[in-house]
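Visitor: I am new to this structure. Please take one helix and go through it closely.

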Amino acid sequence: MNAPAPDLPMTVPAEGLPARVRVHEVGARDGLQNEKAVVPAPVKAEFIRRLAGTGLTTIEATSFVRPEWVPQLADAEELFPAVADLPVDLPVLVPNARGLERALALGARRVAVFASATESFAKANLNRTVDESLAMFEPVVARAKEADGGHVRGYLSMCFGDPWEGAVPVGQVVRVCRALLDMGCDELSLGDTIGVATPGHVSALLTALDGAGVPVDRIGVHFHDTYGQALSNTLTALRHGVSTVDASAGGLGGCPFAKSATGNLATEDLVWMLRGLGIDTGIDLGRLVATSVWMAAHLGRPSPSRTVRALSHQES
Ligand code: MG
C-alpha cells in the first residue's frame, strides 16, 4: 500500500530569490499548438476559463498565424471573443502584420512576436534571415504599441542550443535581445526551445544580458523539460532576479524539433517548487491540477507533469 502523498510542500524560504513570481501560462497556445489532437474552440475556452479560476493572471490564449500552418490554432477568431471578458491578461501570438491586424480587430492589445536567435531556425520557421525577420517585426511592434494599452512580448527561440547549429553563442542571443527591446518590445521571453540549457549556461546568458544593459524585470524565461533541467534552470534564473516564468498547465505540448516527446515545463511542477520556497504566485495548486486532469481527459492521455500525477494519484 502506498502512503498518501502530501497535497502541498513544506515552505522553507531561501535567500536571494524574488518574493513574487508571475507565471506566464502558455498551455492554451504553446501547449495545444504542439499536441496532436485538435481541441474544439469551446473546450479551449472552458480550459482558459478554468485556468483563470486558478489565480493565473497571464494566460496566452492563441495565435493569429495562418490557419493552414497550425490547424490546432485555426479557431483564433472564434476562441478569442469567447474569453475576452475574463479579468486576466490574454496575450496572443502574431507572426506578422496580417496576424496583428486580425488580433487588433478582435480587441487584443497584448501581443507577442516570435523571433529566433539562430539563422537555421529563422530560416526553418520564418523563411528569413535573423535580420530580415527583425526588419519584418519592427513595423508590427510599432503598430501594436500605437494601440491604447498595447503591450508586446518578444519571444526568442533557440537561446541555448539549436538542432542544426549546436550550441548558440551567448553574444548572438544578446544581440537579438537588444534589437527586440530597441524596436519597442516591453518584455522578452528567452526560449530553450530544445531543452538543452543547463544552469551554468543560463547564468552566463543572464550575466551577459545584464552587462548589455537589459533590465532583468523585462526578462522572462521559457524552459523545456526535455532533459529534466527546466526547474534547475528556473531556479538559476530566479537567483539572477528573473520573476517572470513561462509554463504550461499539465506540461501540455512539446517541441516538434526535439527528439524526446517531453517539452514545456509543467505549471504545476513550477508552482510546487515556488510554493516550497515561499514565493507567492497567487495560484491555487489544487484547482490547477484539477484543470489539467480535466484537459488530459479531453486529450485522451495522462498529464506528463510529475506534480499532476502525484496530486491526482494517477498511475504512471
Ligand atoms: Mg514551449
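Guide: Buried means under 20% relative accessible area, exposed over 50%, and partly exposed in between, with a 1.4 Å probe and protein chains only. This is a predicted model, in which local features need pLDDT of at least 70, side-chain atom pairs count only at pLDDT 80 or more, and totals for chains, interfaces and linings use all residues. Residues are numbered from 1 along each chain as its sequence is written, and side-chain values use heavy atoms, leaving out hydrogens and water.

The part chosen is helix H6, residues 130–146. Helices (H or I, at least four residues) and strands (E, at least two) are DSSP runs, numbered from the N terminus. The expected span of a helix is 1.5 Å times one less than its number of residues. For the 17 residues of H6 that gives 24 Å, which agrees with the 25 Å between its end C-alpha atoms.

H6 bends by about 25° at Phe-137, the bend being the angle between axes fitted to the seven residues ending there and the seven starting there. A proline, Pro-139, follows within four residues.

Phe-137 is also one of the buried residues of H6, which include Val-130, Ser-133, Val-140 and Ala-144. Among the elements covering the buried residues are helix H4 (97–105), strand E5 (110–116) and helix H7 (170–182).

H4 packs against H6 at an angle of about 15°, with the axes 9 Å apart; axes are lines fitted to C-alpha atoms, for helices over the stretch in contact, and angles run from 0 to 180 degrees between N-to-C directions. H4 is therefore roughly parallel to H6, a term for angles under 35 degrees. Ala-97, Leu-100, Glu-101 and Leu-104 of H4 meet Val-140, Arg-143 and Ala-144 of H6, where contact means heavy atoms within 4.5 Å.

Methods: Angles under 35 degrees count as roughly parallel, over 145 as roughly antiparallel, 65 to 115 as roughly perpendicular and the rest as oblique.
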